[in-house]
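Please open the structure in the viewer and keep the selection tool at hand. The tour below proceeds by stops, each of which names what to select and what is to be seen there.

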Amino acid sequence: MHVIRGKKIEQLFTAEMIARRMDELAGEIAAGPTKDLLVIAVLKGSFIFAADLIRSLHHVGLAPEVEFITLSSYGTGTVSKGVRIVKDIDSDVKDRDVLLIDDILESGRTLSFARDLLLERGARHVSIAVLLDKHDKRQTSMEADHVGFRCPDHFVVGYGMDVAYAFRELPFVGVVTGDA
Ligand code: IMP
Ligand code: MG
């Protein structure tokens, strides 16, 4: 248990577990479509995962280009949510294999939106890598091609993921369990 900013945080996935999984994911990705590979990290939550994963991609012999897209969900409560582009990529994706990287696959709306967008723009193939899959929360048919870990239905922080911009720096994925 860690105490940070006066909150108790339980580790769910340790730095060691994550590091081990990274090389396995890179191996899986290298076995798939990688023609003129463009990696697109979905900001902001994926930035640490993407940074680790692209270095593992190098270790398995891939040399992707790397881009970033910032997406945001809107709508509240039971109103069906949409996704909008806050900051787009600059690269042309036509006829390229694309790997989308995100932190968490939950309802699936964010990544469905992103995948459809890239396919509409002419990407040859779009595959999806997520660190965590909250499978019980899915509200679309979206499945990731590469999943770091199945995640229980808790709000998680760390390893790039935040609550109100805090806790992104933690080297592990954890759950805030209460005040210290
Ligand atoms: P989806 O569109 O419902 O799949 O939303 C997934 C997005 O919600 C992720 O990219 C995260 O940014 C965010 N998210 C979902 N669960 C969590 C969490 O437990 N901690 C931090 N961010 C989360
Ligand atoms: Mg996100």
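Which residue in β4 is the bridge partner of Leu 38? It is Glu 65. Please bear in mind throughout that the model on display is predicted.

**Stop 1: the pair β3 and β4**

Select residues 38-43, which form strand β3, together with residues 65-74, which form β4. These two strands pair in the parallel sense, and 6 bridges are found between them. Leu 38 and Glu 65 make one pair of bridge partners; for another, look at Leu 43, which stands opposite Thr 70 in β4.

Remain at Thr 70 and turn to β5, where Lys 87 stands opposite Thr 70. Here β4 and β5 run antiparallel, joined by 5 bridges.

**Stop 2: the sheet of six strands**

Now widen the selection to the sheet that contains these strands. In which order do its 6 strands lie? The order is β5-β4-β3-β6-β7-β8, in an open sheet with mixed pairing. At the edges are β5, residues 82-87, and β8, residues 146-150, each of which pairs on one side only. From one strand to the next, the twist averages 30°.

Two helices may be added to the view. Select residues 47-59 to show α2, which lies across β3, β4, β6 and β7 and runs at about 140° to β6. Then select residues 15-30 to show α1, which lies across β6, β7 and β8. The direction of α1 is at about 155° to β8.

**Stop 3: three loop residues**

Select Lys 44, in the loop between β3 and α2. The peptide bond that joins Leu 43 and Lys 44 is cis, with omega at about 10°. Leu 43 is the residue already seen opposite Thr 70.

Next, select Pro 64, whose place is in the loop between α2 and β4. Which residues does Pro 64 contact, leaving aside its neighbours within four places in sequence? They are Leu 37, Val 39 and Leu 57. For a sense of scale, add Met 142 to the selection: Pro 64 and Met 142 are 78 residues apart in sequence, and their C-alpha atoms are 24 Å apart in space.

Finally, select Asp 95 in the loop between β5 and β6. Asp 95 is a residue other than glycine with a positive phi, near 65°.

**Stop 4: the sheet of four strands**

Move on to the sheet whose 4 strands lie in the order β1-β2-β10-β9. This sheet is open, and its pairing is antiparallel. Why is one side of β1 and one side of β9 left without a neighbour in the sheet? β1, residues 2-4, and β9 stand at the edges and each has a single partner strand, so one side of each has no neighbour there.

Select residues 7-13 for β2 and residues 173-179 for β10. The two strands run antiparallel and are joined by 6 bridges. Lys 7 stands opposite Asp 179 in β10, while the bridge partner of Gln 11 is Gly 174. Gly 174 also has Val 157 opposite. Val 157 leads to β9, residues 156-157, which pairs with β10 in the antiparallel sense over 2 bridges.

Helix α1, shown earlier across β6, β7 and β8, also packs on this sheet, where it touches β2 and β10. Its direction makes about 30° with that of β2.

**Stop 5: ligand 1 and its shell**

Select ligand 1 and the 14 residues around it. Those that come nearest are Asp 103, Ser 107, Thr 110, Lys 134 and Val 156. By class, the shell consists of 4 nonpolar, 4 polar and 6 charged residues.

Which element supplies the largest share of the shell? It is β6, with 4 residues. Both β6, residues 97-105, and α3, residues 109-120, supply at least two residues each.

Oxygen atoms of ligand 1 may now be examined for their partners. A polar side-chain atom of Thr 110 lies 2.6 Å from one such oxygen atom. In the side chain of Lys 134, an N or O atom is 2.7 Å from an oxygen atom of the ligand. For Arg 109, a backbone N or O atom lies 3.5 Å from a ligand oxygen atom. Taken alone, ligand 1 exposes 490 Å², of which the protein buries 82%.

Terms used. Residues are numbered from 1 along each chain as its sequence is written. Chains are lettered from A and ligands numbered from 1 in the order in which they are written. This is a predicted model: local features need pLDDT of at least 70, side-chain atom pairs count only at pLDDT 80 or more; totals for chains, interfaces and linings use all residues. Side-chain values use heavy atoms; hydrogens and water are left out. A residue is near a molecule or strand if one of its heavy atoms lies within 4 Å of it. A polar contact is a pair of N or O atoms within 3.5 Å; within protein, one must be able to donate a hydrogen and the other to accept it, and residues adjacent in sequence count only if both atoms are side-chain atoms. Accessible areas come from the Shrake-Rupley method with a 1.4 Å probe; for residues, only the protein chains shown count as cover. Ala, Val, Leu, Ile, Met, Phe, Trp, Tyr, Cys and Pro count as nonpolar, Asp, Glu, Lys and Arg as charged, and the others, Gly among them, as polar. Two strands pair if DSSP finds at least two bridges between them. Axes are lines fitted to C-alpha atoms, for helices over the stretch in contact, and angles run from 0 to 180 degrees between N-to-C directions. Contact means heavy atoms within 4.5 Å.
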